[in-house]
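Here's an informal walk through one protein model, written for someone who likes to have the viewer open while reading. Load it up and follow along.

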Amino acid sequence: MARVYNFSAGPAVLPEDVLTACAEEMLDYNHSGMSVMEMSHRSKVYDDIIKEAESDLRRLMDIPDNYKVLFLQGGASQQFAMIPMNLMKNKKAAYIITGEWSKKAWQEAQIYGEAVAVASSADESFSYIPDCADLDIPADADYLYICENNTIYGTKYKKLPNTKGHTLVSDVSSCFLSEPVDVKEYGIIFGGVQKNIGPAGVVIVIIREDLVPQECLPGTPTMLKYSTHVKADSLYNTPPAYGIYVCGKVFKWLLKNGGLTAMKEYNEKKAAILYDFLDESKLFNGVVRKEDRSLMNVCFNTGSKELDDQFVKESKAAGLDNLKGYRTVGGMRASIYNAMPLAGVEKLVEFMKDFEERNK
């Protein structure tokens, strides 16, 4: 069966070059006589894999030396607890609520201290990013938390909030490595890799050294202390070894294809094709304020549940898979991550035009 154009929000499309390379090395990685899946994480061969992955990520993102890179488990959702456990010295933190995941992080933080919602876009179904130029952030807040790209709703911060001197913590799960970022603007930048970098099971945390606490909140498990993983170079216990190996392949693919500047240009080109059509369509509606549109997750609908369902069914039959919107939102969502080729977006728009013509 031919490969489909996979618009899934995650686990999501990976570069075919990476998948092919992984397949070729499945039974014998680098003349080791075994698969990376079978390999001891304490072996010299695997140590080279994880160290090279970190080195390539540092090069891609221009990560300063005073930031630690951690390859962890538990997904981004586990970070919702780890962050307050490790950073909430004053038992207070500020959160900007722009969707389901920042809301979940805010709710989780309330277990450990006072989590103050300093802005929210819930009033308009998270269809925009609030004005973050002059937020009322408590002076004693330990950090300001955002979800930078909102996978479910299709919004993206185009400018980081004015933190007023507070540490910025950002969940970048669905825009990770889609464009250049200035790591120095963040205290912690983290994300699950299954949307834009690799297979499910790995979360990457980039944390400034001075934020790695010697003392966490009382009762913090050893496995949930950043210091545990910093001291062990992400090898305190068995890591998600194969997932990290695949991430390393993706890092090399990105470097080979011009790095993050080239990737941003490519992503902007793809997104423009889809958004330009949505702006002129008489049937399909974009659901996000134009200035806050995500390059990664494009959300739209027809205004009719029956027609939306018909579109999802027919598009799947046409080889355009996983276009159904998030279960609590409905409509459609096209996730056009780094590995989605331009041809996939062009075919989607071609299908949408045909669907519109047939359903006037």
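What follows goes through the sheets, the helices on them, the cavities and two individual residues. Keep in mind that this is a predicted model.

**The seven-stranded sheet**

Let's start with the sheet of seven strands, which is open and has mixed pairing. Reading across, the order is β2-β10-β9-β8-β5-β3-β4. The edge strands are β2 (67-72) and β4 (114-120), each of which pairs on one side only. From one strand to the next, the twist averages 20 degrees.

Here is how some of the neighbouring strands are joined, with a residue pair to click on for each.

| Strands | Direction | Bridges | Example pair |
|---|---|---|---|
| β3 and β4 | parallel | six | Y95 and A117 |
| β5 and β8 | parallel | four | L144 and L168 |
| β8 and β9 | parallel | three | D171 and F190 |
| β9 and β10 | antiparallel | five | G192 and V203 |

As background, strands of a sheet pair through backbone hydrogen bonds, either parallel or antiparallel.

Now zoom in on β8 and β9. How many residues of β9 are buried? Five of its five are, which makes the strand mostly covered. I188, F190 and G192 point one way from β9, while I189 and G191 point the other way. Strand β8 has a similar story to tell: L168 and S170 go one way, V169 and D171 go the other, and all are buried.

Two helices are worth a look here. Helix α2 (residues 44-61) lies across β2, β9 (188-192) and β10 (203-208), and runs at about 130 degrees to β2. Helix α3 (residues 75-87) packs on the sheet too, touching β2, β3, β5 (144-147), β8 (168-171), β9 and β10. The direction of α3 makes about 155 degrees with that of β9.

**The three-stranded sheet**

There is also an open sheet of three strands, in the order β11-β12-β14, and its pairing is antiparallel. At its edges sit β11 (285-286) and β14 (332-335), each pairing on one side only. Strand β11 is joined to β12 (residues 297-301) by two bridges. If you want a spot to check, N285 has N301 in β12 as its bridge partner.

Which helix packs on this sheet? That would be α7 (residues 259-280), which touches β11, β12 and β14. Its direction makes about 20 degrees with that of β12.

**Cavities**

On to the empty space. Rolling a probe the size of a water molecule over the atoms shows where such space is left. Searching the whole structure turns up two cavities of 30 Å³ or more. The largest cavity holds about 80 Å³ of space. Its lining is made up of M61, E148, K156, V172, C175, F176, L177, E179, V181, I189 and L260. Some of these names tie back to elements above: I189 is one of the residues of β9, M61 falls within the residue range of α2, and L260 falls within that of α7.

**Two residues up close**

First, M39, which you'll find in the loop between α1 (16-24) and α2. Is M39 buried or exposed? It has a relative accessible area of 8%, so it counts as buried. Setting aside residues up to four places away in sequence, M39 touches Y29, S32, M34, V45, Y46 and I49. Among them, V45 and I49 fall in the residue range given for α2. M39 also makes a nice long-range marker: A241 is 202 residues away in sequence, yet the C-alpha atoms of the two are 8.3 Å apart in space.

Then there's D321, in strand β13 (residues 320-321). Why does D321 count as buried? Because its relative accessibility is 17%, and the cut-off for buried is under 20%. The side chain of D321 makes a polar contact of 3.1 Å with that of K316. Beyond its neighbours within four places in sequence, D321 is in contact with V4, Y5, N6, F7, S8 and K316. K316 therefore turns up twice for D321, as a polar partner and in the contact list.

Key. Residues numbered from 1 in each chain as written. Predicted model: local features only at pLDDT ≥ 70, side-chain atom pairs only at ≥ 80, totals over all residues. Heavy atoms only, no water. Buried < 20%, exposed > 50% of the residue type's maximum accessible area, 1.4 Å probe, protein only. Polar contact = N/O pair within 3.5 Å; in protein donor to acceptor, adjacent residues only side chain to side chain. Contact = heavy atoms within 4.5 Å. Pairing = 2+ DSSP bridges. Axes fitted to C-alpha atoms, helices over the stretch in contact; angles between N-to-C directions. 1 Å grid on protein atoms, 1.4 Å probe; cavity = no way out; pocket = protein on both sides within 12 Å on 5 of 7 lines; lining within 4 Å. Points joined across faces, edges and corners; volume = space filled by probe spheres on them.
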